[in-house]
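Trainee: I have a new model open and would like to learn how to read it feature by feature. Could we start with the strands?

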Amino acid sequence: MAAEGGGKEMNEIKTQFTTREGVYKLLTHSEYSRPNRVPFNSQGSNPVKVSFVNVNDQSGNGDRICFNVGRELYFYIYKGVRKAADLSKPIDKRIYKGTQPTCHDFNPLTATAESVSLLVGFSAGQVQLIDPIKKETSKLFNEERLIDKSGVTCVRWVPGSESLFLVSHSSGSLYLYNVEHTCGTTPPHYQLLKQGDGYAVHTCKSKSARNPLLRWTVGEGALNEFAFSPDGKFLACASQDGFLRVFGFDAAELHGTMKSYFGGLLCVCWSPDGRYIVAGGEDDLVTVWSFSDCRVIARGHGHKSWVSVVAFDHCTTSVEDSDPPAEFSGSDEEFHEQIHFAGGRDRANSSQSHLSKRNSTDGRPVSVTYRFGSVGQDTQLCLWDLTEDILFPHLPLSRTRTHTNVMSATSPPATGSATNTTTTITTTTTNTPGTNGNNTVSSSSGNSGALSNSVPAPLPRSNSLPHSTGPAGGSTTPNSHMSSKGSSIIDSAFIATGVSKFATLSLHDTRKERHEKDHKRNHSMGHISSKSSDKLNQLSSAARTAKADAAKTLGTLLCPRMEEVPLLEPLVCKKIAHERLTVLIFLEDCLVTACQEGFICTWARPGKVGLLPSQNPTNSPSGTVV
């Protein structure tokens, strides 16, 4: 029962929300779940996941949906916004013993009305290839768990291939399989193929062809999710060590990296044209990373807990190939000319990317807008717009970025520096094809050692809330120009006050302090054995090491400080479920979300509502607030 007053409003489950395109409405009649519609007791279960495929059915109803709930896997005809879901007639239903489905993926190349190829990963490490239309199980990979004993975190067909697929595990390993090969009866032997910073690639040594073809070891800890670029040439990996790593897939070469503000990265996705990557995780943020510049260009703050899923909306994303105006910075001005994704540009300008180009807060037409969404464990759905004021900041000089950076009084001075003074930094960015850009920093003061990293461009704010004001109380617009000193003061003020809004940040620090106090208290207790004491010392040492490593990356290009990059605010931020959200998928006429209770919800886009809920009142799910 929701609390009275403001608490009631905050805890209410929203059934519609409004954007500039219109009103998105929850279609309660189009909800998918287990046939009994009873909320699933999700404690200890793997996240609910959803996969779609179109089988090119001549009837015009070719969409199929697969989802897992606990030990169960369901396969239905997906009727979307057109007709009510009939949960009494699944095409296929499977219940597993001793293991749970964790993820799945259809192969769109081989899908027909008579057959589909569906890969299913499991918590015990196996991968199953099934055909839910024929109700057959074709093959089981890693059956004896000789390849990897840890759970499967993500499985994907390699784009453009009918036989190759990629599987990641919580061990941090990534394996390339061929459906035509067996896995062998003995553990595989590997030979190093390539090694780099934070990763290694091995081939499988065998006289005959066997799986896996390759093993990638990426980072430390679990590899939580990976995603192929739209053209299939690059692979983005989100790891528990907090790093985003982007590889050239065929060459197995590291293209670039990014570090989360803190904690692990849980999800990752590409923009439809392959120019940007968005990642989310345990820092409660969404982070936008530029593929060409290999740097963080923005962060989004709207969630109050871990971000579970990020996804781009290809229908509301619009990209025009017109060159940016001359006042843009050098690296951004050359951006359109230097990034060439075979097929990526076609995707961005295809019929899928056809929606509104009215993407500016002041009503003027803009040439670039990316819409993406995120859902999290806070049960909230957030929608974000990444517009040209963030992608191409308006600056007074065409190829030079200049602004004043007020050094923090709490920062230790550089060696030989007696005082912290206001320092003017000039950053010149130069991009050449095939490189990540060179950043040269010159300082007008004598504290040349005080800064080891280039200072980014002035910080525009996107989608500013009404209460966002400048230093004098005036409104702050994305393209407004404040004095350098004023800009720095605002950013410093955000660090002093705004960061406290991050629920997990403050909780994290509080828990850490409490843990250290408890550790000291327990350490003095006589009943703790020396073995336990040694273990505690080891854990404490590991925590200090991790903290030191995080401190090394903070403030660098890998992980800019909060005041060094623009902060996005969500267009929409609504509570839409009782349990944590685990799915967000954008389709042509709707978007689909799912929560850990096992309810898969369809939200009709503006003007796309088909069958009204009142036409099918018997299918209204329990617990839905209308």
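Mentor: Happy to! Keep in mind that this is a predicted model. In general, the strands of a sheet pair through backbone hydrogen bonds, either parallel or antiparallel. Here, 5 strands make up an open sheet with mixed pairing, in the order β21-β22-β23-β24-β32.

Trainee: Which strands stand at the edges of this sheet?

Mentor: Those are β21 and β32 (567-568). Each has a single partner strand, so one side of each is left without a neighbour in the sheet.

Trainee: How many bridges join β21 to β22?

Mentor: There are 5, and the two strands run antiparallel. To see one of the pairings, find V268: its bridge partner in β22 is A279.

Trainee: Let's try another pair. How do β5 and β6 run, parallel or antiparallel?

Mentor: Antiparallel: strand β5 (residues 72-77) is joined to β6 by 4 bridges. Within this pair, Y74 stands opposite K93 of β6. It also helps to look at the two faces of a strand. In β6 (residues 92-95), D92 and R94 form the covered face, while K93 and I95 lie on the uncovered one.

Trainee: Now the interior. What should I look for in the largest nonpolar core?

Mentor: Look for the residues with the most contacts inside it. This core has 21 residues, and those best-connected ones are V278, V288, F372, L386, L391 and L568. Elements giving two or more residues to the core include β21 (265-270), β22 (276-281), β27 (368-376) and α5 (388-391). There is also a second, separate core of 20 residues, with V50, F67, Y76 and A85 among them.

Trainee: Where is D313 found, and is it buried or exposed?

Mentor: D313 is in the loop between β25 and β26 (318-319). With a relative accessible area of 1%, D313 is buried. For its surroundings, check polar partners and then other contacts. The D313 side chain makes a polar contact with the side chain of T316 at 2.7 Å. Leaving aside residues up to four places away in sequence, D313 touches Y24, R371, F372, F586 and R605. You met F372 above, among the residues with the most contacts inside the largest core.

Trainee: And the cysteines? How many disulfides does the structure hold?

Mentor: A disulfide is a covalent bond between the sulfur atoms of two cysteines. The structure holds 0 of them. Two cysteines to look at are C294 and C559. C294 counts as buried because its relative accessible area, 13%, is under 20%. C559 is buried as well, at 1% relative accessibility.

Definitions and conventions: Residues are numbered from 1 along each chain as its sequence is written. This is a predicted model: local features need pLDDT of at least 70, side-chain atom pairs count only at pLDDT 80 or more; totals for chains, interfaces and linings use all residues. Side-chain values use heavy atoms; hydrogens and water are left out. A nonpolar core is a set of buried Ala, Val, Leu, Ile, Met, Phe, Trp, Tyr and Cys residues joined through side-chain atoms within 4.5 Å. Buried means under 20% relative accessible area, exposed over 50%, partly exposed in between (1.4 Å probe, protein chains only). A disulfide is a pair of cysteine sulfur atoms within 2.5 Å. Two strands pair if DSSP finds at least two bridges between them. A polar contact is a pair of N or O atoms within 3.5 Å; within protein, one must be able to donate a hydrogen and the other to accept it, and residues adjacent in sequence count only if both atoms are side-chain atoms. Contact means heavy atoms within 4.5 Å.
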